Amino acid sequence: THQLQEQVITETTGKYLAPGHCVSLNVPTVNTPIWGNISPGIRAQELKIQKILKLLTSGITAFARSIDGMDMTEEQQDALALLCNAQYEINCFRKSYPAHAQPQICGAV
């Protein structure tokens, strides 16, 4: 396997944006006041996770568009459920790791 070029990633993800009515597929961002008070290392981690979530969201969206929702095979249902659960788990992990930055945030208040 190999990593896609940044231009290919940008062009491809641009074709498969999450539908507006699927807010659970939106890639969450850190609140501006918190972002300004976290260390560069935590910011770098957050940006990496946001990039992974954006790629996963685009993949889920592309897959969902490629199937007939009324006539999905069991394998397609399983694949979509697993992909969506992976996104959920990444979001849960993302919410837990900034706890390392809390003393820094609390000290700034």
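Q: Which residues of helix 4 are buried?
A: This is a predicted model, in which local features need pLDDT (the predictor's confidence in each residue, from 0 to 100) of at least 70, side-chain atom pairs count only at pLDDT 80 or more, and totals for chains, interfaces and linings use all residues. Residues are numbered from 1 along each chain as its sequence is written, and side-chain values use heavy atoms, with hydrogens and water left out. Helices (H or I, at least four residues) and strands (E, at least two) are DSSP runs numbered from the N terminus; buried means under 20% relative accessible area, exposed over 50% and partly exposed in between, with a 1.4 Å probe and protein chains only. In helix 4, the buried residues are Leu 80, Gln 87, Asn 91 and Arg 94.

Q: What pattern does the protein follow along the sequence?
A: The secondary structure comes to five helices and zero strands. Read along the sequence, the pattern is α-α-α-α-α.

Q: What percentage of the exposed area do carbon and sulfur atoms supply?
A: Of the 109 residues, 21% count as buried. Accessible areas come from the Shrake-Rupley method with a 1.4 Å probe, and for residues only the protein chains shown count as cover. The protein exposes about 7700 Å², and the part supplied by carbon and sulfur atoms is 59%.

Q: How far apart are the end C-alpha atoms of helix 3?
A: The expected span of a helix is 1.5 Å times one less than its number of residues. Helix 3 (residues 40–66) has 27 residues and should therefore span 39 Å. The model agrees with this, as the distance between the end C-alpha atoms of helix 3 is 39 Å.

Q: Against which helices do the buried residues of helix 3 pack?
A: Helix 3 has buried residues that include Ile 42, Ile 49, Leu 53, Leu 56 and Ile 60, along with the polar Glu 46 and Gln 50. Contact means heavy atoms within 4.5 Å. From the other side, the cover over the buried residues of helix 4 includes helix 3. The buried residues of helix 3 pack against helix 1 (6–15), helix 2 (32–35) and helix 4 (74–96).

Q: Which residues does Thr 57 touch, not counting residues up to four places away in sequence?
A: Thr 57 sits in helix 3. Its relative accessible area is 5%, so Thr 57 is buried. With that sequence limit applied, Thr 57 touches Tyr 16, Ala 18, Leu 25, Val 27 and Gln 87.

Q: How far apart in space are Cys 84 and Thr 57, C-alpha to C-alpha?
A: Cys 84 belongs to helix 4 and is partly exposed, at a relative accessible area of 31%. Cys 84 and Thr 57 are 27 residues apart in sequence, and their C-alpha distance is 8.5 Å.

Q: How many disulfides does the count come to?
A: Cys 92 counts as partly exposed, at 33% relative accessibility. A disulfide is taken as a pair of cysteine sulfur atoms within 2.5 Å. By this rule, the number of disulfides is zero.

Q: How many residues apart in sequence are the parts tied together by Glu 6 and Lys 51?
A: A salt bridge is a side-chain nitrogen of Lys or Arg within 4 Å of a carboxyl oxygen of Asp or Glu, and the count by this rule is two. Glu 6 and Lys 51 form one at 3.1 Å, N to O. Because Glu 6 lies in helix 1 and Lys 51 in helix 3, the pair ties together parts whose separation in sequence is 45 residues.

Q: Is Glu 46, the salt-bridge partner of Arg 94, buried or exposed?
A: The closest N and O atoms of Arg 94 and Glu 46 are 2.8 Å apart. Arg 94 lies in helix 4 and Glu 46 in helix 3, so this pair ties together parts 48 residues apart in sequence. Arg 94 has a relative accessible area of 8% and is buried. At a relative accessible area of 1%, Glu 46 is buried.

Q: Where in the protein is confidence lowest?
A: The protein averages a pLDDT of 83, and 88% of the residues score at least 70. Over residues 101–109, pLDDT stays under 50, and the model has nine contacts beyond four places in sequence for them. Where pLDDT is low, the predicted coordinates should not be read in detail. Confidence is highest in helix 1, at 92, and lowest, at a mean of 46, in helix 5 (residues 102–108).
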